[in-house]
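Reader: I should like to learn how to read the contact between two chains, and then some features of the backbone. Please give the general idea before each case.

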Amino acid sequence: MPALPREEVAHLARLARIDMPDAELDHLAEQLTAIVDAVASVTGAVARAEAESGQPVPATSHPLPLRNVTRPDVVVQTLTAADALAGAPESEDDKFRVPRILGEDA
Amino acid sequence: MSELVRMDASAMAEALRSGGVSSVELTQAHLDRIAEVDGPVESGVHAFLHVDAEGALARARELDAARSRGEELHELAGVPVAVKDVMVTRGMPSTAGSRMLEGWVPPYDATVVEQMRAAGLVTLGKTNMDEFAMGSSTEHSAFGPTRNPWAADRIPGGSGGGSAAALAAFEAPLATGTDTGGSIRQPAAVTGTVGVKPTYGGVSRYGLIALASSLDQGGPCARTVLDTALLHEVMGGHDPRDSTSLTDPVPAVVAAAREGARGDLTGVRVGVVREMGRAGHDEGYQAGVLARFEEALDHLRSAGAEVVEVGCPNVEHALGAYYLILPSEASSNLARYDGMRYGLRVLPTDVDPAEVTAEQVMAATRAKGFGPEAKRRIILGTYALSSGYYDAYYGSAQKIRTLVQRDFDAAFEQVDVLVSPTAPTTAFRLGEKLDDPLAMYRGDVATIPANLAGIPGMSLPVGLAPEDGLPVGLQLLAPAREDARLYRVGAALEARLHAQWGGKLLDRVPDWTPASTTGAPA
């Protein structure tokens with residue numbers, strides 16, 4: 001099994017938008033390597049099951065065989081702007097106030 | 001301790017109806033009990049993150065007034081309930097055990113919270129849990145762990161350890177939980193209480209702070225099978241606001257519990273899952289857990305059930321599949337905590353506030369707001385979903401999910417219910433597995449398969465392990481939509497055990513002794 005090197009964990013942390021100091025990355029790399037090692041057996045288990053039955057195993061993403069669920073398009077009570085903004089770190093003029101989102105590198 | 005708090009919820013309901021007690025008296029008795037044992041954080045049970053004494057008493061007064069006016073009330077009206085902090089409550093803090101949501105007051109109620117309010121249940125407060133329901137010990141709560149009422153140095157299970165401990169410490173007669181991989185059933189097992197994970201879709205997920213949406217399921221927790229059934233019927237049913245909610249009527253679980261309590265299981269076929277603790281598959285299972293489980297099988301036989309062993313070979317891969325699927329879904333669900341619209345916002349210290357970008361704020365917020373387990377699972381999920389690994393990991397895990405479902409389908413052609421120990425061990429010590437995530441995960445080995453397959457499961461107490469005197473739980477599993485079978489078989493087993501013990505297991509819970517604050521695990 002591939003170990004998860006620190007550089008890869010650092011990359012994943014960037015993708016997940018979590019600032020992570022070096023010490024935390026080292027510790028996490030070690031733990032994640034052990035966890036991935038343990039869970040990676042699923043790949044072999046599926047291969048064996050498919051070889052035994054000669055059939056591909058379909059994937060299940062959800063426990064219920066649901067199709068699209070729709071509802072009538074009617075107006076119902078929703079949150080007021082004041083309710084929706086009540087928990088906001090910052091708001092202004094009935095809107096969420098956020099740091100700038102343009103002009104970033106990523 | 002007032003004798004009122006030791007009553008079953010069904011007995012409280014009866015006393016309320018007959019006028020023997022008022023809801024205000026009951027509510028006050030529980031608030032007093034909470035004040036007696038729940039704090040301080042360093043040494044108390046710490047089952048609650050928030051207690052709403054004023055709101056609870058006001059609601060109790062309303063219900064007493066309604067009753068005295070002769071209004072028709074729900075069977076449970078006036079009975080107190082403790083609500084897991086993962087369920088959002090309008091006007092009451094809802095943190096899911098995370099700093100990320102510290103101080104957040106939701107602008108709406110979860111459907112289950114609405115249902116409980118409509119039934120006249122009195123909300124005492126919100127119970128402690130592992131952060132965003134990730135964990136098996138409540139040690140991953142950002143606000144300090146809950147302690148097991150059986151022994152203050154032991155974990156109460158998780159993630160719903162707060163709800164289970166509140167029941168076992170007589171701080172609440174009913175409580176709610178959510179079960180993504182065992183978070184209702186495992187805390188029930190290690191605290192000597194009862195908990196049910198309904199069929200996926202049986203209880204609305206609207207307003208339940210999401211962990212892994214294809215696995216998450218709300219459900220009832222209580223001290224007896226009948227009480228659990230009474231709460232299940234309040235919480236269950238179709239909710240148009242949850243597109244995965246079942247449209248079936250709520251299963252008749254109260255009737256099933258009452259029928260089961262007669263103790264007759266003639267004609268019921270019970271399958272013991274070979275891969276969950278039987279000879280050759282018992283690595284990691286504690287001897288005393290297996291001994292109590294065997295005795296419970298004898299009770300099932302003497303109640304008339306036919307007990308056979310069945311194989312579900314793919315459940316051995318369920319743990320691996322789960323710890324790929326759960327982090328994948330969690331990494332996506334937890335992406336919403338971005339510091340923009342609600343909850344914590346942290347500004348990075350090394351950037352000029354005038355120049356700071358949303359992305360930098362997000363990364364600083366998530367670094368501060370998430371604890372170690374949440375970060376571990378988010379990163380693991382990000383890894384499992386990344387291109388190049390997706391097919392090998394997430395894709396294979398989804399196929400294991402199919403194989404586990406097929407195993408259960410085949411098993412339920414031979415038997416009506418399946419049984420296993422709920423957890424391989426009794427409550428471990430606080431701190432014991434905190435920095436060994438794999439060891440913690442392995443404790444979920446028997447509960448996880450039901451979540452992957454979407455089938456219902458129950459844990460109920462079957463005695464104390466001789467080696468440590470701590471509670472042991474038995475797990476019952478039934479086919480999807482057959483939740484009532486859990487209650488029938490569970491109530492029958494419970495009736496026989498109560499007869500054997502001359503009372504309930506919780507009659508033997510010792511008086512609460514606060515944890516030593518010197519040298520105790522944090």
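Author: The dialogue below takes up the contact between the chains, a pair of helices and the backbone. This is a predicted model, in which local features need pLDDT of at least 70, side-chain atom pairs count only at pLDDT 80 or more, and totals for chains, interfaces and linings use all residues. Residues are numbered from 1 along each chain as its sequence is written, chains are lettered from A and ligands numbered from 1 in the order in which they are written, and side-chain values use heavy atoms, with hydrogens and water left out.

Reader: How many residues does each chain bring to the contact?

Author: Contact means heavy atoms within 4.5 Å. Chain B brings 58 residues and chain A brings 55. Buried area is the accessible area (1.4 Å probe) that two parts lose on being put together, summed over both; here it is about 4900 Å², with 67% on carbon and sulfur atoms.

Reader: How many salt bridges are there between chain B and chain A?

Author: A salt bridge places a side-chain nitrogen of Lys or Arg within 4 Å of a carboxyl oxygen of Asp or Glu. Between chain B and chain A there are 5. One pairs B:Arg90 with A:Asp83, with 3.6 Å between the closest N and O atoms.

Reader: Which element gives the most residues to the side of chain B that touches chain A?

Author: Helices (H or I, at least four residues) and strands (E, at least two) are DSSP runs, numbered from the N terminus. Elements giving two or more residues to that side of chain B include α12 (372-384) and α13 (391-414). The most come from α13(B), with 12 residues.

Reader: How should a pair of packed helices be read?

Author: Two packed helices are described by the angle between their axes and the distance between the axes. Axes are lines fitted to C-alpha atoms, for helices over the stretch in contact, and angles run from 0 to 180 degrees between N-to-C directions. Helix α1 (residues 6-15) of chain A and α12(B) have axes that come within 9 Å and cross at roughly 100 degrees. The two helices are therefore roughly perpendicular, a term for angles of 65 to 115 degrees. Among the residues that meet there are A:Leu12 in α1(A) and B:Ile379 in α12(B).

Reader: Where is there a cis peptide bond?

Author: Most residues other than glycine have a negative phi, and most peptide bonds are trans. A cis bond links B:Gly39 to B:Pro40, with omega about -10 degrees. B:Pro40 is in the loop between α2 (23-37) and β1 (48-51) of chain B.

Notes. Angles under 35 degrees count as roughly parallel, over 145 as roughly antiparallel, 65 to 115 as roughly perpendicular and the rest as oblique.
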